[in-house]
Amino acid sequence: MAKSVIPIGPWHPLQEEPEFFTLTVDGETVVDMDVSIGYNHRGIEKLSEMKSFDQATFVIERICGICSTSHPFAYTRAVEDVIPVEVPDRAKYIRTIIAETERIHSHLLWLGLAGHFLGYNTIYHWVWKLREEILDVCEILTGNRNNYAIFKPGGVRRDFNMDDIPLVLRKIDGIIPTVDRLKKAILDDPVLHARLKGIGILTKEEVIDYSALGPTARASGVAKDVRKDAPYGAYDRVDWDMIVTENGDVFDKVVVRVLETYESIKIVKTCIAELPGGEIDLNIKDIPPGEGIGAHEAPRGETFHYIRSDGTNRPARHKVRAPTFMNLPTYKATVIGETISYATIILAAIDPCYCCTERMAVRDVEGKRLFGGPDLVKLSQEKTARMKREMGMP
Amino acid sequence: MSFAVNAMLKSPWVFHLSTGSCNNCDIEILDCLTPRFDIERFGMLLVGSIKHADVLLVTGSCNRKSAGRLKTLYEQAPQPCVVVAIGECSLSRGLFIHSYNCPVPLDKIIPVSVYIPGCPPKPEAIIGGVVKLIQKVKGT
Ligand code: SF4
């Protein structure tokens, strides 16, 4: 049968971000796919190199609206790694609380959208109503619904108002029964079982080959999570479990995210109960020359930031690697061979975030690609050699 | 007031377009549709194609890849079509004003009727903006 190509996007009703998919189909079956991004590229790395270390946190926050804690968390850890310093205990706890409330709202957001992709709009509306409660918690704690502006290198910008804590706890306890109901409704629904089980399977080997991260990896039985593997913040001081399932299909990814929501609620509650007193900020003035890396387990997987400082008040180089950058290529493994009707939910299953992932390619006027993969590898090798020479390394 | 405008004001259908945003504004728009804010009670409905829409909600800083396509899309829209710029990015490019990939603000590309500031604007602000738009068109 002749193959046909289905273009999806760039602006399509499925996702709120623009991206362009081309599905090559043979009858009903997807035989090949390609994705083209770049509609969201804003040149954040260069912008951040124009700002001072303190200002850059605000730019970093706006890499992605859903991960407006994860990126600053990784960034501040990278800056602190340059110096190096340990932030005060209270700041660690505050950071952890904000990061986990973000994980709750991000997982709920995905769950709602997944319902929407399946045409199950009841779940979409139900979950997003629940998510508003968590956004209220964020607003009470930080003053903002999103883009919390609370991180800074060396600590946090604002302290919690302890009078608000009872209200926060009440709100968090208030969502647990609804999450319980949601869990039952989703995990016991025969329709969802029929639609989600055994489709879009990503095997353990494929996870390792593609270096997939976060819930995408954990749903396939690969236990990796920065919070456990290299603990930071308050993650090593509270008791929580890493959720790992074995099948790697879309259903398992749902399960992982629903159960992680409970773990996050647990972490937030413990952290609030054990919140230590003391300073929240180290008031770092100067960043010495050097390099630093910082990682944080964002809701979608490990976010990684690299900072090189040359002793001025701006980063000389800032590199961002978001989890979707690693998870996106797994589409090739999951979507090919499935039918078109399953393609949407499989594409959504990794919880893609294209704003974080945006990269750019330089082309000449005729549209010819000037830098392909091999060119970039060559440039990178040349740069490494040059840096080694400059640093006097063999 | 023409029949078309009158009918549109009863139930303005919106199409949402992100042109290089951080997602937050887009999520706040989706939030407006969900039970707490529920703009459908005002007859507003999010539609999947520009050809069905009366109102174009634009977010983001119009980067080089999106800008041309945005113009094409606007030209495909049935008139009258009002453009609402949502968020600091689409008003003035906000934080991204010095970026190499965001050369011009939105209102240099297509005509904009309503500006809703905020980074991101709260859903209440978005609803407020659209209500003001309706009042403006009605002339009350
Ligand atoms: S205005 Fe702010 S919240 Fe909205 S897209 Fe731009 S950076 Fe994001």
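1. Disulfides. The model is predicted, and across all its chains the count of disulfides comes to zero. A disulfide is a covalent bond between the sulfur atoms of two cysteines.

2. A pair of cysteines to check. How far is the sulfur of A:Cys353 from the closest cysteine sulfur? The distance is 3.2 Å, and the partner is A:Cys356. The cut-off for a disulfide is 2.5 Å, so the sulfurs of A:Cys353 and A:Cys356 are too far apart for a bond. Seen from the other side, the closest cysteine sulfur to that of A:Cys356 is the one in A:Cys353.

3. Burial of these cysteines. Are A:Cys353 and A:Cys356 buried or exposed? A:Cys353 has a relative accessibility of 0%, so A:Cys353 counts as buried. A:Cys356 has a relative accessible area of 6% and is buried too. The cut-off behind both statements is a relative accessible area under 20%.

4. The ligand site. Why is the site described as shared between chains? The ligand is surrounded by residues from chains A and B, and therefore the site belongs to both. There are 13 residues around the ligand, and those that come nearest are B:Cys22, B:Cys25, B:Glu88, B:Cys89 and B:Cys119. Two elements of chain B, H2 and helix H4 (88-92), give two or more residues to this shell. Sorted by class, the shell holds six nonpolar, five polar and two charged residues.

5. The second largest pocket. This pocket holds about 440 Å³ of space. Its lining has 24 residues, and A:Pro13, A:His116, B:Leu30, B:Leu33 and B:Leu46 lie nearest the centre. Chain A gives two or more lining residues from each of helix H4 (89-117) and helix H5 (121-142), while chain B does so from strand E1 (13-18), helix H2 (24-33) and strand E2 (45-46). Which element gives the largest share? E1(B) does, with four residues. By class, the lining of the second largest pocket divides into 13 nonpolar, eight polar and three charged residues.

6. Cavities. Rolling a probe the size of a water molecule over the atoms shows where empty space is left. How many cavities of 30 Å³ or more are there? The count is six. The volume of the largest cavity is about 90 Å³. Residues of chain A line this cavity, among them A:Gln15, A:Glu16, A:Glu17, A:Trp110, A:Phe117, A:Arg300 and A:Asp351. The lining of the largest cavity has six nonpolar residues, one polar residue and four charged residues.

Methods: Residues are numbered from 1 along each chain as its sequence is written. Chains are lettered from A and ligands numbered from 1 in the order in which they are written. This is a predicted model: local features need pLDDT of at least 70, side-chain atom pairs count only at pLDDT 80 or more; totals for chains, interfaces and linings use all residues. Side-chain values use heavy atoms; hydrogens and water are left out. On a 1 Å grid over the protein atoms alone, a cavity is a set of points where a 1.4 Å probe fits but cannot get out, and a pocket is an open set with protein on both sides within 12 Å along at least five of seven lines; lining residues have an atom within 4 Å of a point. Grid points are joined across faces, edges and corners, and a volume is the space filled by probe spheres set on the points. Ala, Val, Leu, Ile, Met, Phe, Trp, Tyr, Cys and Pro count as nonpolar, Asp, Glu, Lys and Arg as charged, and the others, Gly among them, as polar. A residue is near a molecule or strand if one of its heavy atoms lies within 4 Å of it. Buried means under 20% relative accessible area, exposed over 50%, partly exposed in between (1.4 Å probe, protein chains only).
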